[in-house]
Amino acid sequence: MDIYEQMHSGALYFPEDEGLMARQARCMELLYDYNQTRPSQGERRKALLRQMFAEIGEGCYIEPPLHANWGGHHVHFGKDIYANFNLTLVDDTHIYVGDDTMFGPNVTVATAGHPILPELREQGLQYNAPVHIGRNCWLGAGVVVLPGVTIGDNTVVGAGSIVTKDLPAGVVAVGNPCRVLRPIGERDRAFYFKDRRIQWP
């Protein structure tokens, strides 16, 4: 397998391969252009995202600055996804995000890791594992999602949490390391924040 296939296989590889770095640099040029857009240039932002991302659905909005190792080249977004300032996508391999998911400010989704063994790190080796985030999730401010993690549909991850393991669908999860706090349930149908009651039409 070639170095690009190796990069997506979970195997150890050398990320500073000249061919990889040249390919990555082209992606980063588009990311730079995106981050230089003005707030009034909504159509240009949409057009750039279509060039940058592997897939991006309708109605997505990503507030600059966006940071991504490959400029979004390995990122697959569904539709109507919202990302606040400073979304960081360490997209050395694939990141999948379902429709209607929201990212708070300063969220990091990482697919890249480095070996624990010092001798391997000295050689500059890296490995990657894809991340899957379901539909209609909310990742609060400062959440970090680590390589290989899957987050189920409709799950809320509390601000500042570090997600080291898979999370099921339909739960509230918080902490470092992130753990399930409780399922989303009947109280959530009555109250939207603390004791503030939902006024259903």
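**Entry 1: Arg182 and its partner**

I began with Arg182, which is partly exposed at a relative accessible area of 35%. The model I consulted is predicted. I then looked for a partner and found that the side chain of Arg182 meets that of Asp188 in a salt bridge, at 2.8 Å from N to O. Asp188 has 26% relative accessibility and therefore also counts as partly exposed, since the partly exposed class runs between the limits of 20% and 50%.

**Entry 2: The largest pocket**

I next asked which residues lie nearest the centre of the largest pocket. They are Val172, Arg182, Asp188, Phe191 and Tyr192, from a lining of 20 residues. Arg182 and Asp188 of the salt bridge in Entry 1 are thus both named in this central group. I noted a volume of about 530 Å³ for the largest pocket. Its lining draws at least two residues from each of strand S16 (156-157), strand S19 (179-183), helix H5 (186-190) and strand S20 (191-193). By class, I recorded 13 nonpolar, two polar and five charged residues in this lining.

**Entry 3: Other salt bridges**

I searched the whole structure and obtained four salt bridges. One of them joins Arg135 and Asp100, with 3.0 Å from N to O. Arg135 lies in the loop between strand S12 (131-133) and strand S13 (138-139), and Asp100 lies in the loop between strand S7 (95-97) and strand S8 (102-103), so this pair ties together parts that are 35 residues apart in sequence. I found Arg135 partly exposed at 36% and Asp100 partly exposed at 25%. Another salt bridge links Lys79 with Asp80, where the closest N and O atoms are 3.6 Å apart. Lys79 is partly exposed at 38% relative accessibility, as is Asp80 at 36%.

**Entry 4: The second largest pocket**

I returned to Asp100 because the residue also appears in the lining of the second largest pocket. The other residues there are Met102, Asn136, Cys137, Trp138, Asn154, Val156 and Ile184. I noted about 170 Å³ of space in this pocket, and its lining divides into five nonpolar, two polar and one charged residue.

**Entry 5: The parallel sheet**

Finally, I looked up the order of strands in the open sheet. Five strands run S1-S4-S7-S12-S15, with parallel pairing. Strand S1 (55-56) and strand S15 (150-151) stand at the edges with a single partner strand each, so one side of each has no neighbour in the sheet. For S15, I traced the pairing with S12, which is parallel and spans two bridges. Ile133 has Ile151 in S15 as its bridge partner.

Conventions:
Residues are numbered from 1 along each chain as its sequence is written. This is a predicted model: local features need pLDDT of at least 70, side-chain atom pairs count only at pLDDT 80 or more; totals for chains, interfaces and linings use all residues. Side-chain values use heavy atoms; hydrogens and water are left out. Buried means under 20% relative accessible area, exposed over 50%, partly exposed in between (1.4 Å probe, protein chains only). Helices (H or I, at least four residues) and strands (E, at least two) are DSSP runs, numbered from the N terminus. Two strands pair if DSSP finds at least two bridges between them. On a 1 Å grid over the protein atoms alone, a cavity is a set of points where a 1.4 Å probe fits but cannot get out, and a pocket is an open set with protein on both sides within 12 Å along at least five of seven lines; lining residues have an atom within 4 Å of a point. Grid points are joined across faces, edges and corners, and a volume is the space filled by probe spheres set on the points. Ala, Val, Leu, Ile, Met, Phe, Trp, Tyr, Cys and Pro count as nonpolar, Asp, Glu, Lys and Arg as charged, and the others, Gly among them, as polar.
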